[in-house]
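Reader: I should like to understand how the parts of this structure fit together. Please show it to me first.

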Amino acid sequence: MKAPILGALFRWRYVRPVLQAPLLIVSVLMILHGLFGPSLAPKNLATTLTWLHFRGVLVLVILCAGNFFCLACPFMLVRQMARRVLKPRWNWPRALRNKWISVGLFVLILFLYELFDLWSSPWWTAWLIIAYFASVLLVDGLFKHASFCKFVCPIGQFNFVASTLSPFEVKVREQSICTLCETKDCIRGRRESASDLVVIRGCELALFQPRKVGNMDCTFCLDCVHACPHDNIGILSRLPGSELLTDPLRSGIGYFFKRKDMAALAIVFCFGALLNAFGMVSPVYAVEKWLAHLMGVSHEAPVLGTIFVFFLVLEPILLLGVAAWLSRAWAGIRRSLVPLAVRYTYGLVPLGFGMWLAHYGFHFLTGLYTIVPVTQSAVAGLGYAFLGEPRWTLTGLPANVVQVIEIGFLLLGFAGSLTVTHGLAAEDSPNRTLRAFLPWAAVCAILWICAIWLIFQPMEMRATMMLMSG
Amino acid sequence: MTGAHLTTEADMTHAGMSPVFGSVQENQPGRYESTLKLGMAGDWVVLLHGTLPTGEKVERQFELRNVRPNQARC
């Protein structure tokens with residue numbers, strides 16, 4: 001925040017709507033082109049921007065900076081405008097103040113993505129965006145604070161987990177200043193002295209800055225920055241992934257090892273990365289055909305469901321369960337099996353992020369320039385020729401070059417997971433660290449080998465709800 | 001129909017994949033042939049662009065499912 005120009009920009013109260021507005025306009029254009037434009041995905045803004053550019057830029061921005069996509073979220077701009085009229089009446093139900101709904105939605109979106117081949121359908125992609133806007137308005141129209149962001153939004157949960165590896169964090173500069181602060185504006189909001197009305201809101205995600213640790217649940221909305229009367233909160237640099245090495249009491253979250261819902265989110269994040277990539281390579285069709293024959297079904301849904309159960313439930317239970325049992329037995333760690341498995345699950349986040357970077361990075365970089373002819377075509381379709389004839393030969397970087405970058409991302413993720421799990425093992429068993437660490441290193445190695453195998457598989461994309469034949 | 005000027009383009013169903021372009025030859029009167037080298041397995045959509053002898057623009061689209069990475073003649 002001390003950086004010239006950028007610091008002033010982020011300290012400005014209206015930075016968020018200024019960043020959100022262009023993305024809202026783009027979202028509307030995507031919806032319109034998805035509904036009324038060409039039905040072929042490579043020719044449509046909805047599919048090109050969503051499945052290539054949005055996903056790719058998202059993971060790269062999180063890797064290089066932080067959760068700035070949540071800062072610029074267009075859904076929140078619409079919500080904010082709606083809240084001038086719709087005043088939410090209720091607090092989010094206490095029993096639902098966890099990640100289970102968002103985990104379920106995350107899995108559902110991954111499932112629907114495969115079942116309906118969302119990547120191939122501008123129309124369905126447009127409706128997904130519309131559904132997202134509707135969901136935000138419904139949830140945050142009824143419930144106070146940022147209930148949608150904290151408890152529902154699947155994209156937000158993805159961003160929260162991934163940004164545990166970001167190099168920047170919204171945090172307090174000097175703890176001593178917070179100790180002396182009596183008004184706690186960062187969470188209560190800046191209030192008018194006479195009426196006690198909130199004039200600048202505080203954190204809507206219940207993250208009390210002096211006790212906030214890391215980026216989990218932080219949308220980078222900067223409400224705390226703007227509310228703080230002492231200019232004591234900033235976007236500060238840190239060692240990426242360092243927040244995964246410790247498990248202190250986190251404001252608005254608690255202890256990671258007690259949060260099975262967050263561990264489930266981390267599991268979906270990590271194992272879902274491999275699953276999502278697996279859905280695009282040739283072997284998946286052989287597996288689907290074999291399963292369909294075994295199950296005696298002809299529709300893709302039960303086959304896909306079985307694959308999802310294997311990847312997201314059975315495989316994690318097996319790998320994490322065995323590793324937890326081994327490290328406990330071998331290194332004499334005194335934690336119970338389930339809390340131990342939960343604790344080390346977060347160590348797999350770097351690997352999962354590496355896989356998402358490799359996958360989304362591949363599509364983004366190989367299709368980098370396709371936005372040019374798609375935009376040219378969209379404008380020409382409206383009758384304006386000033387952008388010229390669409391240059392459909394423009395694509396992106398060569399696949400063989402991008403594959404090297406993918407390997408780099410996977411190596412980074414592997415190194416990150418080994419570092420985190422080693423750090424946890426050293427804390428759990430200072431005298432037998434290697435024994436505590438090796439089972440988890442083996443899990444990391446197995447997942448990493450699977451990821452490497454995946455990126456070398458030939459891609460094959462079938463865009464129909466296939467009957468299990470041929 | 002003879003004397004039409006046609007080109008072909010093949011796209012995968014996922015955005016961002018490199019399209020393949022081909023020229024079209026009229027080997028026999030009214031019979032047109034194009035060769036497209038499809039480098040990736042999966043579903044493709046072939047687009048036919050062109051101009052008829054009458055000057056009328058023509059656009060056609062048809063699907064090729066379960067393509068194996070090989071040459072496709074259409």
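The questions below concern the contact between the chains, the strands and two helices.

Author: This is a predicted model, in which local features need pLDDT of at least 70 and side-chain atom pairs count only at pLDDT 80 or more, while totals for chains, interfaces and linings use all residues. Residues are numbered from 1 along each chain as its sequence is written, and chains are lettered from A and ligands numbered from 1 in the order in which they are written.

Reader: How many residues does each chain bring to the contact?

Author: Two residues are in contact if their C-beta atoms, placed from the backbone, lie within 7 Å. By that rule, the contact takes 25 residues from chain A and 17 residues from chain B.

Reader: Which element supplies the largest share of the side of chain A that touches chain B?

Author: Helices (H or I, at least four residues) and strands (E, at least two) are DSSP runs, numbered from the N terminus. Helix H3 (45–64), helix H17 (349–366) and strand E5 (460–461) of chain A each supply at least two residues of this side. The largest share, four residues, comes from H3(A).

Reader: In which sense do E5(A) and strand E4 of chain B pair, and which residue is the bridge partner of Glu460(A)?

Author: Two strands pair if DSSP finds at least two bridges between them. E5(A) and strand E4 (residues 41–51) of chain B have two bridges, in the parallel sense. Met461(A) stands opposite Gly42(B), and the bridge partner of Glu460(A) is Ala41(B).

Reader: Within chain B, over how many bridges does E4(B) pair with strand E5?

Author: E4(B) pairs with strand E1 (residues 5–12) of chain B in the antiparallel sense over eight bridges. With strand E5 (residues 57–67) of chain B, E4(B) forms a hairpin that has five residues between the two strands. In this pair Trp44(B) stands opposite Leu64(B). The pairing of E4(B) with E5(B) is also antiparallel, and its bridges number nine.

Reader: Are H15(A) and H20(A) roughly parallel or roughly antiparallel?

Author: The axes (lines fitted to C-alpha atoms, for helices over the stretch in contact, with angles running from 0 to 180 degrees between N-to-C directions) of helix H15 (residues 300–331) and helix H20 (residues 433–455) of chain A come within 7 Å and cross at roughly 160°. Angles under 35 degrees count as roughly parallel, over 145 as roughly antiparallel, 65 to 115 as roughly perpendicular and the rest as oblique. Therefore H15(A) and H20(A) are roughly antiparallel.
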